[in-house]
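Student: Could you take me closely through one part of this model, the largest pocket and the charged side chains around it?

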Amino acid sequence: MLERFNDLEKGKGFALKWAFNQIFKMNKNYDLELNILSCLLQRPELMENHKLKDEYFEGYKNIWVFMRVFYEKYKTFDLVLMVSLAKN
């Protein structure tokens, strides 16, 4: 949870800018990473529209690399196939 007190810079714009700066300073954007990965599972076509890089992922890098390689090969996220391949 983030808490901000600033009587000079009021409003959502200032608050959001401050919050994003705090999150990036923490260098632990794992919730953001997980949200991105879950969005990709729901809408695989986003892999074509957005150029995500391996270095964007720190906490879930292994999962991201698996998903990226899987999508490059199969052009989908078939969960049954993914689980069977992950077991091997």
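Tutor: E48 is partly exposed, with a relative accessible area of 41% (buried means under 20%, exposed over 50%, partly exposed in between, with a 1.4 Å probe and protein chains only). The model is predicted, so local features need pLDDT of at least 70 and side-chain atom pairs count only at pLDDT 80 or more, while totals for chains, interfaces and linings use all residues. Residues are numbered from 1 along each chain as its sequence is written, and side-chain values use heavy atoms, with hydrogens and water left out.

The side chain of E48 meets that of K75 in a salt bridge, 3.6 Å from N to O (a side-chain nitrogen of Lys or Arg within 4 Å of a carboxyl oxygen of Asp or Glu). Because E48 lies in helix α3 and K75 in the loop between α4 and α5 (79-87), this pair ties together parts that are 27 residues apart in sequence (helices are DSSP runs of H or I, at least four residues, numbered from the N terminus).

Both E48 and K75 help to line the largest pocket, as do R68 and E72; a pocket is an open set of points on a 1 Å grid over the protein atoms alone, where a 1.4 Å probe fits, with protein on both sides within 12 Å along at least five of seven lines, and lining residues have an atom within 4 Å of a point. The largest share of this lining, four residues, comes from α4.

E72 and R68 form a salt bridge, their closest N and O atoms being 3.4 Å apart, and D54 is linked with R68 and E72 in a network of salt bridges.

Methods: Helix = DSSP H or I, 4+ residues; strand = E, 2+ residues; numbered from the N terminus.
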